[in-house]
Amino acid sequence: MRFEGIYTPIVTPYHDDFSCNEEVLAQTVEHLIASGAHGIIVAGSTGEYYAQTMEERLWMMGRCRDLIDGRVPMIVGTGAIRTEDSVEYAKEAKKHGATALLVATPPYAYPTGREIALHALAVDRAANLPVMLYNYPGRMSVNMDEECLDRLGRSPNFCAIKESSGDINRLHMLARDYPHIALSCGMDDQALEFFAWGARSWVCAGSNFAPKAHIALYQACAVEGDFTKGRAIMSAMLPLMRVLEQGGKFVQCIKYGLTLRGIDAGPPRRPLQPLNKDDKRELAEVIRTMDTAVSKITGVTI
């Protein structure tokens, strides 16, 4: 599989009692597809998979499959501490019609590169689907190192990596030494650099509420090769990225950003708490400013 474009890790909208808001989930899927998102990721970190039961995660697979209805690829996250659980999610993802899997390092366990590879290979054997690896040491405490990547590179299913380390040297290493594993941007404030080094896709939570702005940057850099335009768009988006990353309120910001678009995504699951009034006001102003700036650059209403 060739990952191309903007892949949105979809939020899980909740009612106040933390049950899934099916109506808003359907609205979100339609919003993303109508806006031009190239794929939807179910059970990514932004979807709060870590706060859901296995039953809830399986339900989300099935419901999103029905809502997407084959119009764009559906990638399913298999994140879990236990390899056995990740294997089960992979099997169920295949049953539910997933196009590909997102395979992350098991959190908290602190595995070695060899152990990460064996975990990912077990998931691969269970489903035999295309895999986008997910390297996020900020959450998982360890990198998918060269030993891990060398082992996984032997299977053609491991065809991409969402790189979220923030380490520009890893970006260089992946681009030069592992060209058979396609780069996907997983660090929003480095999107321009990823595209310059050949990335063809971007997994971006902000595209839940600002898909057109994210698509505009991808279009300028990866499709048109116009990095002058890309730098202008990136400059307009950077204040948003700074707000999203500050203060550990990432999921809350994504959900409120969607709510500002008229799609009430509800609260985050505990232990996270909703944004306060000042945070909401700041986020709303940053989004408004970004929309205006990107619209002027592209000539497209964002």
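Is His96 buried or exposed? His96 is buried, at a relative accessible area of 14%, where buried means under 20% relative accessible area, exposed means over 50%, and partly exposed lies in between, with a 1.4 Å probe and protein chains only. Before I go on, I should say that this is a predicted model, in which local features need pLDDT of at least 70 and side-chain atom pairs count only at pLDDT 80 or more, while totals for chains, interfaces and linings use all residues. Residues are numbered from 1 along each chain as its sequence is written, and side-chain values use heavy atoms, with hydrogens and water left out.

To stay with His96 for a moment, this residue sits in the loop between helix H3 (83–95) and strand E4 (100–104); helices (H or I, at least four residues) and strands (E, at least two) are DSSP runs, numbered from the N terminus. If we leave aside its neighbours within four places in sequence, His96 is in contact, which is to say has heavy atoms within 4.5 Å, with Leu58, Met61, Gly62, Arg65 and Met74.

Next, the helix pair H11 and H12. Helix H11 covers residues 250–260 and helix H12 covers residues 277–298, and the two pack at an angle of about 60° with their axes 10 Å apart. The axes here are lines fitted to C-alpha atoms, for helices over the stretch in contact, and angles run from 0 to 180 degrees between N-to-C directions. H11 and H12 are therefore oblique to each other, given that angles under 35 degrees count as roughly parallel, over 145 as roughly antiparallel, 65 to 115 as roughly perpendicular, and the rest as oblique. Their crossing is right-handed, a word used when the near helix is turned clockwise from the far one by less than a right angle, with left-handed for anticlockwise. On the H11 side the contact is made by Cys253, Tyr256, Gly257 and Leu260, and on the H12 side by Lys280, Leu283, Ala284 and Ile287. Sorted by class, this contact has six nonpolar residues, one polar and one charged, where Ala, Val, Leu, Ile, Met, Phe, Trp, Tyr, Cys and Pro count as nonpolar, Asp, Glu, Lys and Arg as charged, and the others, Gly among them, as polar.

The loop between H11 and H12 holds Pro271, and a cis peptide bond, with omega about 15°, joins Arg270 to Pro271. As background, most residues other than glycine have a negative phi, and most peptide bonds are trans.

That loop also brings us to the salt bridges, each defined as a side-chain nitrogen of Lys or Arg within 4 Å of a carboxyl oxygen of Asp or Glu, and by this rule the count comes to 18. In one of them, the side chains of Arg269 and Glu56 meet at 2.6 Å, N to O. This pair links distant parts of the chain, since Arg269 is in the loop between H11 and H12 while Glu56 is in helix H2 (residues 54–68), 213 residues apart. Arg269 counts as buried at 13% relative accessibility, whereas Glu56, with a relative accessible area of 27%, is partly exposed.

Which residue meets Arg170 in a salt bridge? The partner is Glu163, at 2.9 Å, N to O; here Arg170 is buried at 7% relative accessible area, and Glu163 is buried at 1%. The bridge of Arg176 with Asp177, at 3.9 Å, N to O, has an exposed Arg176 at 61% and a partly exposed Asp177 at 44%.

Helix H9 (residues 211–223) is mostly covered, with 10 of its 13 residues buried, among them His214, Leu217, Tyr218 and Cys221. What covers these buried residues includes strand E1 (5–9), helix H1 (22–35), helix H8 (191–196), strand E8 (201–203), helix H10 (227–245) and H12. After H9 comes Gly225, whose phi is positive, near 65°.

Finally, two residues other than glycine also have a positive phi, namely Glu48, near 60°, and Tyr108, at about 70°. Glu48 lies in the loop between strand E2 (39–42) and H2 and is buried, with a relative accessible area of 0%, whereas Tyr108 lies in the loop between E4 and helix H4 (113–127) and is exposed, with a relative accessible area of 77%.
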